[in-house]
Amino acid sequence: MEVTPRGALAALFALILLAVTVTAAEAEEPRAPHQVFNQVCAHCHMGDKAVGPPITMKFPESVHKARGDYMRQVVRHGRNAMPAFRHSEISDVELDALLEALMSGEFAPRSTEK
Ligand code: HEC
């Protein structure tokens with residue numbers, strides 16, 4: 001097969017289109033709770049230089065609704081030094097999963113928090 005400049009250009013264009021489509025699909029894929037936590041929350045809420053209070057402690061199932069509502073409010077609207085996070089930064093699906101993981105104590109450091 002002879003590759004004409006025009007054919008090469010078309011192939012290149014198709015490749016670019018494909019790359020853009022794949023990237024867009026990946027962006028819509030919800031991140032796992034630990035990814036969101038590590039990317040967005042941990043640097044303020046974990047470790048000895050944390051500026052925010054501990055938020056990884058386990059809560060009993062019976063208060064998940066109330067605690068979840070409260071945390072969602074803080075994340076979406078901010079609170080004093082904590083900035084608000086928009087839907088474009090953390091989707092509702094990601095936030096739901098993150099809050100559930102936080103309340104279940106999944107990210108609680110074993111030694112420093114009960
Ligand atoms: C820029 C630093 C920063 C980031 C990033 C941050 N926070 Fe905060 N957060 C704070 C500070 C500071 C407070 C304390 C606000 C206050 O009450 O004065 C706080 C408070 C909170 C509270 C209230 C805690 C309580 O017991 O009252 C929750 C819940 C919370 N953050 C969740 C999160 C989650 C979830 C994320 C990630 C999506 C996050 N934060 C990202 C700084 C941050």
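These legends go with several close-up views of a predicted model.

**View 1. The whole chain, a run of four helices.** The chain has four helices and zero strands, and from the N terminus on its elements read α-α-α-α. Of the 114 residues in the chain, 12% are buried. Take the contacts with a separation of 6 or more, and 69% of them turn out to join residues 24 or more positions apart. The views below pick out some of the places where such distant stretches come together, with Pro33 and Ala97, 64 residues apart in sequence, as one example.

**View 2. The shell around the ligand.** Here the ligand is shown with the 18 residues around it. Cys41, Cys44, Gly52, Asn80 and Met82 are the ones that come nearest. Two helices, α2 (33–45) and α3 (64–77), each put at least two residues into this shell. The largest share is that of α2, with four residues. Sorted by class, the shell holds 14 nonpolar residues, three polar ones and one charged one.

**View 3. Asn80, a ligand neighbour in a loop.** Asn80 is among the residues that come nearest to the ligand, and the loop between α3 and α4 is where to look for Asn80. Its phi is near 50°, a positive value in a residue other than glycine. Asn80 has 6 C-beta neighbours inside 10 Å, and 12 or fewer is the mark of an exposed residue, so Asn80 counts as exposed.

**View 4. Where α2 meets α4.** Helix α4 (residues 92–103) packs on α2 at an angle of about 90°, and the two axes are 8 Å apart. That angle falls between 65 and 115 degrees, so the pair is roughly perpendicular. On the α2 side the contact uses Pro33, Val36 and Phe37, while α4 brings Glu94, Ala97, Leu98 and Ala101. By class that makes six nonpolar residues, no polar ones and one charged one.

**View 5. Pro33 on the α4 contact.** Pro33 sits in helix α2. With 20 C-beta neighbours inside 10 Å, and 20 or more being the cut-off, Pro33 counts as buried. Leaving aside residues up to four places away in sequence, Pro33 touches Ala97, Leu98 and Ala101. The C-alpha atoms of Pro33 and Ala97 are 5.9 Å apart in space, although the two residues are 64 apart in sequence.

**View 6. His34, next along from Pro33 in the numbering.** Like Pro33, His34 belongs to helix α2. His34 has 14 other C-beta atoms within 10 Å and is therefore partly exposed. Between the C-alpha atoms of His34 and Glu106 there are 8.9 Å in space and 72 residues along the chain.

**View 7. The largest nonpolar core.** This close-up gathers 12 residues: Val36, Phe37, Cys41, Ile55, Val75, Ile90, Leu95, Leu98, Leu99, Leu102, Met103 and Phe107. The elements that give two or more residues to it are α2 and α4, and α4 has the largest share, with five. In soluble globular proteins, nonpolar side chains tend to be buried together. Some core members also turn up in other views: Cys41 is among the residues that come nearest to the ligand, and Leu98 takes part in the contact of α2 with α4.

**View 8. Phe37 and its neighbours.** Phe37 is one of the residues of the largest nonpolar core, and α2 also uses Phe37 in its contact with α4. Apart from residues up to four places away in sequence, Phe37 touches Ala42, Leu98 and Phe107. Of these partners, Leu98 and Phe107 are core residues too.

How values were computed. Predicted model: local features only at pLDDT ≥ 70, side-chain atom pairs only at ≥ 80, totals over all residues. Near = placed C-beta within 6 Å. Nonpolar A, V, L, I, M, F, W, Y, C, P; charged D, E, K, R; others polar. Axes fitted to C-alpha atoms, helices over the stretch in contact; angles between N-to-C directions. Parallel < 35°, antiparallel > 145°, perpendicular 65-115°, else oblique. Contact = placed C-beta atoms within 7 Å. Core = buried A, V, L, I, M, F, W, Y, C linked by C-beta atoms within 7 Å.
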